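Please take a moment to look over the model below before reading on. The paragraphs that follow lead from its pockets to its interior and then to a few single residues.

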Amino acid sequence: MQRMLALSLLLCLSTPLHAQHAVITQEERPQATSDTLRPGDRLDVFFFRDADMRLVVIDEAYPRRYGSLKRALEKHGCLAGINGGYFKGDAQASPLGLLVHDGNMSQPAASGSFAVSGVLCDDGKRIRLVRSNKLDTPPTRLREAIQAGPFLVEDGKLVSGLDKRKRARRSFIATDGRGRWCIGVCSPMSLHELALRLSGGALRGFVVRTALNLDGGSSSAFADRQTGYSISNLKPVRNYIGIAPRRAGVSPRASSAENTRPAK
C-alpha cells in the first residue's frame with residue numbers, strides 16, 4: 001500500500017495532465033509523526049497544476065440546478081471537484097461572499113467574517129488564493145472566483161487561533177505556491193488538526209504554502225470523475241468548485257487512474 005501511495009503521488013506530478021487522486025492514511029505511512037497523521041486519519045486529495053487545469057465555480061442556485069456534485073461536474077466538463085463556500089440560512093441558501101462564474105459576478109464580495117477571509121480565483125491564466133482584503137484584481141476582471149475561510153496555512157506555517165475542539169469532516173484547497181494545487185477532504189478533524197497535518201508534511205512531496213478551509217462538515221463533497229470515486233454531501237449546498245482542463249477535448253478519464261484507486 002505504501003508503494004501504491006508513493007506511485008500515485010509521483011504520477012500526479014509527472015503525468016501529461018498533471019492531475020491525480022491520492023488516498024493518504026497513517027497505515028500507508030507507518031513512520032508518520034503526530035504532526036502529520038494519526039491512526040484513523042484519511043485524506044482524499046486531487047492534485048493538479050494550474051498550467052493545465054482551470055477553476056470552475058458552479059452555482060447550484062435556487063431551485064437546485066444539478067442536485068449533486070457529480071452531476072454538476074459532468075455538466076461543466078470538470079475532471080474533479082469539491083463543495084464550495086459557506087451560504088446563508090435563508091430559503092434561497094444565498095452565497096456568503098463573492099461568487100463569479102465565466103466572468104459574471106452573481107454575488108459581491110463580503111468582509112468581516114473568517115468564513116470569507118480568502119478569495120480563490122482564476123483570471124483565465126492561473127489560479128490564485130489571497131486574503132480578501134488583498135485582492136488587487138477587480139472581480140469584474142476575474143473569470144472565476146469564490147470566497148471561503150478560514151486560512152489554514154499561510155507562508156508555509158500553521159495559522160494560529162484555529163479551533164482545536166470541534167472535530168468534523170473538512171474540505172480544503174491548497175497550493176505549494178509554484179503552480180501545483182490540490183483539493184481534498186479529510187476524516188473528522190478540528191481546524192487546528194487539519195492545519196497541523198497540512199503544514200506538517202502529510203501530503204509528502206507536496207509542500208503546502210497556502211491552504212484555505214471550505215464549507216466542511218455535512219457540506220463536504222468530493223468527486224474524481226477519472227476514477228469514479230466520490231464522497232457525497234449530507235445536506236444540500238449552494239455551490240461547488242470544479243477542476244477542468246484549460247485545453248478543450250480532454251476526457252474525464254484522460255490520465256492513468258489504475259494506480260489511484262482509494263484504499264479500503
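A pocket, as the word is used here, is an open set of grid points where a 1.4 Å probe fits, with protein on both sides within 12 Å along at least five of seven lines, and its lining residues are those that have an atom within 4 Å of a point. With that in mind, the second largest pocket of this predicted model is lined by 15 residues, and Y86, K166, R170, L191 and N213 are the ones that lie nearest its centre. Its volume is about 240 Å³, and its lining divides into 5 nonpolar, 5 polar and 5 charged residues.

The largest pocket has a volume of about 340 Å³. Of the 18 residues that line this pocket, L129, V130, T175, R209 and T210 are the closest to its centre, while the elements that give two or more residues to the lining are strand 8 (127-131) and strand 10 (151-154). Strand 8 supplies the largest share, with 5 residues. By class, the lining of the largest pocket holds 5 nonpolar, 4 polar and 9 charged residues.

From the pockets we can step back to the whole chain, whose secondary structure comes to 3 helices and 17 strands. Of its 264 residues, 56% count as buried, and among contacts between residues at least 6 apart in sequence, 72% join residues that are at least 24 apart.

Which residues touch the most other members of the largest nonpolar core? In this core of 51 residues they are L43, L152, L198 and L203, and the element that gives the most to the core is strand 13 (residues 180-189), with 6 residues. Apart from this core lies another one, made of 12 residues, among them V56, I58, L69 and Y240. To follow one member of the largest core more closely, consider L152, which, when residues up to four places away in sequence are not counted, touches a list of residues including L158, F172, L191, L194, L198 and L212.

Several of those partners lie in helix 3, where 7 of the 9 residues are buried, so that the helix is mostly covered. The buried residues of helix 3 are L191, H192, E193, L194, A195, R197 and L198, and they pack against strand 2, strand 10, strand 11 (157-158), strand 12 (168-175), strand 13 and strand 14. Helix 3 is followed by G201, whose phi is positive, near 100°.

The model also holds 4 aromatic pairs. In the pair of F47 and F206 the ring centres are 5.4 Å apart and the planes stand at 55°, so the pair is tilted. This pair links distant parts of the chain, with F47 in strand 2 (residues 42-49) and F206 in the loop between helix 3 (191-199) and strand 14 (210-213), 159 residues apart. Are these two residues buried or exposed? Both F47 and F206 are buried.

A last residue to find is M105, in strand 6 (residues 104-107). Because its relative accessible area is 41%, M105 counts as partly exposed. Leaving aside neighbours within four places in sequence, M105 is in contact with L98, L99, V100 and P139. M105 and P139 are 34 residues apart in sequence, yet their C-alpha atoms are 7.2 Å apart in space.

Terms used:
Residues are numbered from 1 along each chain as its sequence is written. This is a predicted model: local features need pLDDT of at least 70, side-chain atom pairs count only at pLDDT 80 or more; totals for chains, interfaces and linings use all residues. Side-chain values use heavy atoms; hydrogens and water are left out. A nonpolar core is a set of buried Ala, Val, Leu, Ile, Met, Phe, Trp, Tyr and Cys residues joined through side-chain atoms within 4.5 Å. Buried means under 20% relative accessible area, exposed over 50%, partly exposed in between (1.4 Å probe, protein chains only). Helices (H or I, at least four residues) and strands (E, at least two) are DSSP runs, numbered from the N terminus. Contact means heavy atoms within 4.5 Å. On a 1 Å grid over the protein atoms alone, a cavity is a set of points where a 1.4 Å probe fits but cannot get out, and a pocket is an open set with protein on both sides within 12 Å along at least five of seven lines; lining residues have an atom within 4 Å of a point. Grid points are joined across faces, edges and corners, and a volume is the space filled by probe spheres set on the points. Ala, Val, Leu, Ile, Met, Phe, Trp, Tyr, Cys and Pro count as nonpolar, Asp, Glu, Lys and Arg as charged, and the others, Gly among them, as polar. Rings of Phe, Tyr and Trp (its six-membered ring) pair if their centres lie within 6.5 Å; planes under 30 degrees apart count as stacked, over 60 as edge-to-face and the rest as tilted.
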